[in-house]
Amino acid sequence: LHHSKHHNTYVTNLNVAMEKLEAAEKAGDVSSIIALHGALKFNGGGHLNHTIFWENLCPPSEYAPPEGELASLIERDFGSLEDMQTKMSAATVAVQGSGWGWLGYEKASGSLKIATCANQDPLEATTGLVPLFGIDVWEHAYYLDYKNVRPDYVSAIWQIANWKDVAAKLEAAK
């Protein structure tokens, strides 16, 4: 349901907004171009965020802790994997309404940062951090399994974190 309905809706609406943007650009209609900003940000962000989200997850049987440079950066920037998870979980659970919790890479400092974004705001476009690992805290992400108990959902997601994907995103960000 989350993938087939919610993510698909963002993609469909993004495509509609992109078609309208192309028409507005061809017509030189600056007012319409500006008016499309919200739809592009929301639906484009929804698509970007969910694409990362699906890639960030793995079956429990394939879970493996972070290794190599990713593990070293986590230890350097947060003290331990458990400390990073605790800090990110707290920030993510605290998102008011709907949004995302993120582990991002700050290119300028070469460090990992925790951030949150409201709604479907994409991390890099709104903060400059390259998204490595995202936790969707829109209720549609967890209501079937966790009802309205966001902390249980956030706690459980660490058991299916695909750290190999996160490490690949880190490498690509550098």
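**Entry 1: Lys41**

I began with Lys41, which is partly exposed at a relative accessible area of 32%. I note at the outset that this is a predicted model. I then looked for an acidic partner and found Asp121, with which Lys41 forms a salt bridge; the closest N and O atoms are 3.7 Å apart. That separation satisfies the criterion I applied, a side-chain nitrogen within 4 Å of a carboxyl oxygen. I placed both ends next: Lys41 belongs to helix α3 (residues 37–55), whereas Asp121 sits in the loop between β2 (111–118) and α6 (123–127), so the pair ties together parts that are 80 residues apart in sequence. For the whole structure I recorded seven salt bridges.

**Entry 2: Lys169 and its acidic partners**

I turned to Lys169, which lies in helix α9. Is Lys169 buried or exposed? I recorded a relative accessible area of 15%, and therefore entered Lys169 as buried. The limit I used for this reading is under 20%.

I looked up the carboxylates that Lys169 meets. The side chain of Glu55 joins that of Lys169 in a salt bridge, at 2.6 Å from N to O. Helix α9 (residues 163–173) holds Lys169 and helix α3 holds Glu55, so this pair ties together parts that are 114 residues apart in sequence. Glu55 is partly exposed, with a relative accessible area of 36%.

Asp165 also forms a salt bridge with Lys169, here at 3.1 Å from N to O. The two residues are four apart in helix α9, which means about one helical turn separates them. Both Lys169 and Asp165 are buried. I drew Glu55, Asp165 and Lys169 as one network, joined by salt bridges that share partners.

I also listed the surroundings of Lys169, leaving aside neighbours within four places in sequence: the contacts are Ile52, Glu55, Asn56, Pro131 and Leu132.

**Entry 3: The nonpolar core**

Which residues of the largest nonpolar core touch the most other members? I noted Met84, Leu112, Ile135, Tyr153, Trp158 and Trp163, out of 37 residues in that core. I then traced the elements that contribute two or more residues to this core: α3, α4 (68–78), α5 (81–93), β1 (99–106), β2, β3 (130–136), α8 (150–157) and α9.

I examined Met84 separately. Not counting residues up to four places away in sequence, Met84 touches Ile74, Phe78, Leu103, Ile114, Trp158 and Trp163.

**Entry 4: β1 and β2**

I followed the two strands β1 and β2 and found them paired in the antiparallel sense, over eight bridges. As one register point I entered Trp100, whose bridge partner in β2 is Cys117. The two strands form a hairpin with four residues between them. In the turn I checked Gly110, which has a positive phi of about 70°.

**Entry 5: α4 against α9**

How do the axes of α4 and α9 cross? I recorded a crossing at roughly 85°, with the axes coming within 9 Å. That angle makes α4 roughly perpendicular to α9.

I finished with the residues at this crossing. From α4, Glu69, Leu70, Leu73 and Ile74 meet Trp163, Val166, Ala167, Leu170 and Glu171 of α9. I cross-referenced two of these names to the core entry: Ile74 is among the residues that Met84 touches, and so is Trp163.

Key: Residues are numbered from 1 along each chain as its sequence is written. Side-chain values use heavy atoms; hydrogens and water are left out. Buried means under 20% relative accessible area, exposed over 50%, partly exposed in between (1.4 Å probe, protein chains only). A nonpolar core is a set of buried Ala, Val, Leu, Ile, Met, Phe, Trp, Tyr and Cys residues joined through side-chain atoms within 4.5 Å. Contact means heavy atoms within 4.5 Å. Two strands pair if DSSP finds at least two bridges between them. Axes are lines fitted to C-alpha atoms, for helices over the stretch in contact, and angles run from 0 to 180 degrees between N-to-C directions. Angles under 35 degrees count as roughly parallel, over 145 as roughly antiparallel, 65 to 115 as roughly perpendicular and the rest as oblique.
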